[in-house]
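This report covers the nonpolar cores of the model and one helix that packs against its surroundings.

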Amino acid sequence: MMEVDTAQLEKITEREADYLVALYETSINRCSVSLSSLAKQLNVKSPTAIEMLKKLESKGLVKYLGRKGVKLTKKGVVSAEKIIRRHRLIETLLVEKLGLDVDTACCETKKFDSYVSFRVVELINYVLGNPVCCPHGKPIPPLRRGNK
Ligand SMILES: [Zn+2]
């Protein structure tokens, strides 16, 4: 598995990140996701989704399969996991250390998580003692190391 460097990941916009996360979550147990279900999930029209998918494809993050839909590349999966890891670790911090309720923590986290560097994310992970689940009970993807 290739490692996505942080600099590269930081060039992913918030909206692009939404697409990666949506694709990641809908493609669990499936090889590809239909364009219409993706567009529906993101609350956009198909042409908007196609435009964004072309952008993501040019960055090597997704593979557009025409009628078969779309799937994340390995690089796309790694990026999505890093984005999800960041969100879930930050919301865990807000619940465990600041005492916010889960839904408030999730909302607050969405407002700023894309600005938090991955270096800080790993410090948060350390302070929290390597949690495996977020306060919603969803798994926190582990940090991928090296070239596996
Ligand atoms: Zn959340």
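The largest nonpolar core has 20 residues, and Leu20, Leu23, Val62, Leu72 and Ala80 are those with the most contacts inside it. A nonpolar core is a set of buried Ala, Val, Leu, Ile, Met, Phe, Trp, Tyr and Cys residues joined through C-beta atoms within 7 Å. A residue is buried if 20 or more other C-beta atoms lie within 10 Å of its own, exposed if 12 or fewer, and partly exposed in between, with C-beta atoms placed from the backbone. At least two residues of this core come from each of α2, α4, β2 and α5 (74–96). The most, 5 residues, come from α5. A second, separate core of 6 residues includes Ile90, Leu93, Val121 and Cys134.

The model is predicted: local features need pLDDT of at least 70, side-chain atom pairs count only at pLDDT 80 or more, and totals for chains, interfaces and linings use all residues. Residues are numbered from 1 along each chain as its sequence is written.

Helices (H or I, at least four residues) and strands (E, at least two) are DSSP runs, numbered from the N terminus. Two sets of residues in α4 are listed below.

| Set in α4 | Residues |
|---|---|
| Buried | Ala49, Met52, Leu53, Leu56 |
| Exposed, on the other side | Pro47, Glu51, Lys54, Ser58 |

Seen down the axis of α4, the buried residues fall within an arc of 105° (taken from the directions from the helix axis to the C-beta atoms), so they line one face of the helix. They pack against α2 (14–26), α3 (35–42), β1 (62–64) and β2 (70–72). After α4 comes Gly60, with a positive phi near 75°.

Note on methods. Contact = placed C-beta atoms within 7 Å.
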